Every structure is written in structure tokens, then in C-alpha cells.
Amino acid sequence: MDAVDRFRALLRIPTVSRGDTALEDREAFSRFRGTLTELYPRLHERLELEVLADGSLLYRWPGRGDGAPAVLMAHHDVVPADEPGWRHEPFAAELADDRVWGRGTLDDKGTLVAMLEAVESRVAAGFEPAADLYLFSGANEETTGAGASAAVELLSARGVRPGLVLDEGGAVAADAFPGVSGDVAFVGVAEKGMAGIRLVAEKPGGHAATPARNGATTTLARAILRLEQHPAPARLSAPVAQMLRALAPRTSGLQRRLFRSPERYRRALVRILAARGGEGEAIVRTTRAVTRLTGSAADNVIAERATATVNARIAVGSSVARTVDEVRRAVGDEVRVELVAGGDPSPVSPAAGPEWDRLTRAIAATFPEAVVAPYVMLQASDSRHFTAISDTVYRFMPFDLTAAERGTLHAIDESVRVATWLRAIDFFDRLLGEL
Ligand SMILES: [Zn+2]
């Protein structure tokens, strides 16, 4: 059995996380753990393994010295693959057109298995890391992230203060930023926060045959419009400025001038990015998406209560409290604004220093054609929990991916080129050499 076969064997085990945990196949998760033990015998002989209560895995590879330990992370749960239209069965791990197809090939078993392959080879070669090395694989990253938070509590209680922490994040991409040529390796130095906010309009109801003006649904609709008309303020945060500066050599003309001195052209850049919408806008401001609406329970009943759920992604430099405040000011006092759940943006890790250098040396050696750029991750990852015990948390996925390939994350036809996946093993081998 070679590396690709081991990868495929692990992809075939449907470790699907679901919002309702009662619907999860727990047996698949224990089968996955058992298969790991079989496929990576040397790793399991040399590293200590703790299976946390939720099934998340924490390995410790004892180091030669007592320097700051490193943590390499990759979750092994995947999102469901229930949607129709897959070209190849999502859990068959078929090999076709020089690709491995299936749920988890990119997010995040691809990374996990590449990492395990590199560790297994290094153990076999007698390698020992300079300091302790932890591998963490969450069993519920796609839902609660409870495993990561438990692992952090455990490490923190033991006084473990990691240096380098690496989790999923940006990829090596050729077409991620308009006007930027060539490959860029995007390394997340921070991630945005999140807030679930509910807008509630309450008015007398009654029979739909005799509606009153300005009922609950009308009031709510007005509030939603006001929310869109009054976006959160746009700002150029420090990591976004760093990213633009790193991209500057790959741009030309006016764009190059702006990107070279983002602080100096701050206002112009913010205006351009915000006007672009989509990702451009998301990197300069807190975004708010109205995702769910409720009204009355029947076609002929006027709602006494209408609600809208707002999913806000909070810009670095802002906070949950400020976001709720901004929403309140935008919608006015016709509706009630309730915070359902929230987490602040992560702290920002430095895009310099010894841990950054180790990571970027491994990236440069594996992807010599790419320029490394720090960036702010727009989605949440398990690594946010680790910012409580480490100041150097980075989010990078060692795959060179096209926009179309990135679009298959959490969608149909998730797949990875075999050559891309094998290169990820090289990346982890080089990174281990730095640890
Ligand atoms: Zn993931």
C-alpha cells in the first residue's frame, strides 16, 4: 500500500459532522481512529496519543530539548456530502484524471494524511524533533470545535506554551487577487470573529384579511434594508496592509504604487476594496448577512413576531460588542436587537520572527514559485482556540489550488490532484526538518 492508497482508505470512512450530533455515525469515527493506528504503526509506536472525550486526537512526539513545542493541526471530521450531482461517489475515494475525488480530500483529511505520512517517514528515519511536537486532529471542527477547546484546556493546565501552531487556512493560489500575477501562498495571521444576531419585530397580529399598516413583517423588512444601507465602517487593518505590501512586487502600474505604501494610500485602498464587494469588501469591514427569516406559522395569519438572523463576520480590530452596537445603530429602535452567540476576532500573529521564518522557509522550499503573503482568514478555524496559549498561530494549507478547486470546499466534486497532494507531504517533511 502506498501513500495515495492510505489516503484513499481514510477518505472512505465517512466521518461526517452534523449540527444534530444524534445523526452522526460515531462508529465511523472510531473506525477512522483504528485505521490510523494500522496505517501508521511507527508513528503510533513513537508518539503518545490521547483520545479526548469527543474523539479528537492529541499526539505528543517527545523532543530532544525543552524549547517551545510546536502544534500541527488538521481536523478529521468532514461536512456532509448529501447534495446530488457528484461526478464520483463522495466516499469512494476514486482515482480518476490524476485526482483523488471525495469529501475531505481538501478539507481537511488531505492535510492530515499528508502530515501523518511525513511524520511516519521521519520516525522511520530515526528523526527526533528539537522540542516536543504535538499533532492535534479535531473530531468536530465543522460544528462546535469542542475538541480544540478541550485540547487547549488540557495543554494550558499542563503549562504547555506552544511556539508555532499551524492549522488549515490559505492555499497557494494563482488567481486569488485581481491584478496580482503568479502564485501566492496565503498564510493566515488572524481570523475574523463571528456574531449571530437576531432582529425581532413585535406588533399586534390578527387575520390576514384585515391587515394593519406597519405590521411586524414590514417593520422587520425596513430594518433589514437599513442594515444594508448602513454598512459597518471600512478600515485597513494591519495584517491587510501587510498582505498588500507582500503582493506589491506581483502587481504593476498604479496598483503597485498603492500596494507598496498601503498606509499612505489607506483611504483610496479601503474605498476600492469595499466597492469591490465579496472578498474585497470582507477584508476591510465587518460583514452582515441576513440568513434566516421567520414570520407567522400560517399563510392566513399575520405575524405578531417576525425575526431575522444576521450572521456577522467581525473585522480584526472590532469586537462582538461593537458589532452589536453598530447593528443597533443601523436598524434603529423599531426592532429589538439580540445577541445569540459570538466570538471576537482572533489576535494577530506576527508576520516575522523565528516561528514565521520556520514556516515560510518550508513554504519557500516547497513552492519556490510562490510569494508568501500574510492575510486575514474570513472563515473560522479550530486554531482560534490556540491563540489563548500561543502568540504565533498560522493558518495555511500546503496545496496549490485553482479558484475552481477552492470552490469545491464544502461543495460537490471536492478533489485534489495527486501531484498537489504528494507535494503537501514534501511540505510537511521540510517543516518537520525545521522543528
Ligand atoms: Zn476545515
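**Warm-up**

Strand E9 (193-202) is the top contributor to the lining of the second largest pocket, giving five residues. (Helices, H or I with at least four residues, and strands, E with at least two, are DSSP runs numbered from the N terminus.) Before you start: this is a predicted model, where local features need pLDDT of at least 70, side-chain atom pairs count only at pLDDT 80 or more, and totals for chains, interfaces and linings use all residues. Residues are numbered from 1 along each chain as its sequence is written, and side-chain values use heavy atoms, with hydrogens and water left out.

**Exercise 1. Describe the second largest pocket.**

Step 1: get the volume, which is about 280 Å³. A pocket here is an open set of points on a 1 Å grid over the protein atoms alone, where a 1.4 Å probe fits and protein lies on both sides within 12 Å along at least five of seven lines; lining residues have an atom within 4 Å of a point. The volume is the space filled by probe spheres set on the points, which are joined across faces, edges and corners.

Step 2: list the lining. There are 18 residues, and Met194, Ala195, Ala341, Gly342 and Gly343 lie nearest the centre. Strands E9 and E14 (336-343) are the elements that give two or more residues.

Step 3: sort by class. You get six nonpolar, seven polar and five charged residues. (Ala, Val, Leu, Ile, Met, Phe, Trp, Tyr, Cys and Pro count as nonpolar; Asp, Glu, Lys and Arg as charged; the others, Gly among them, as polar.)

**Exercise 2. Do the same for the largest pocket.**

Step 1: its volume is about 1,200 Å³. Of its 35 lining residues, Tyr375, Met377, Leu378, Gln379 and Leu409 are the closest to the centre.

Step 2: find the main contributor. That's E7, with five residues. Elements supplying at least two include E7 (164-173), E15 (371-377) and E16 (392-401).

Step 3: the classes come out as 17 nonpolar, nine polar and nine charged.

**Exercise 3. Work out the zinc site.**

Step 1: collect the protein donors. They are His75 (NE2), Asp107 (OD) and Glu168 (OE), the last one listed twice, at 1.9 to 2.7 Å from the zinc ion. (Donors are N, O and S atoms within 2.8 Å of the metal, or 3.2 Å for Na, K and Ca; water is not among the atoms, so sites may look incomplete.)

Step 2: check the geometry. Angles among the four donor atoms run from 52 to 151°, and the site is irregular. (Four donors are tetrahedral if all angles lie between 85 and 135 degrees; four are square planar and six octahedral if opposite donors are over 155 degrees apart and all others between 65 and 115; anything else is irregular.)

Step 3: read off the spacing, H-x31-D-x60-E. His75 sits in the loop between E3 (70-73) and E4 (95-96), and Asp107 in the loop between E5 (99-101) and H4 (109-124), 32 residues apart. Both His75 and Asp107 are buried. (Buried means under 20% relative accessible area, exposed over 50%, partly exposed in between, with a 1.4 Å probe and protein chains only.)

**Exercise 4. Spot the backbone oddities.**

Step 1: know the baseline. Most residues other than glycine have a negative phi, and most peptide bonds are trans.

Step 2: look for exceptions. The Asp107 to Asp108 bond is cis, with omega near 5°. Ala93 has a positive phi of about 50°, and Asp98 has one near 60°.

Step 3: compare burial. Ala93 is buried at 0% relative accessibility, whereas Asp98 is exposed at 66%.
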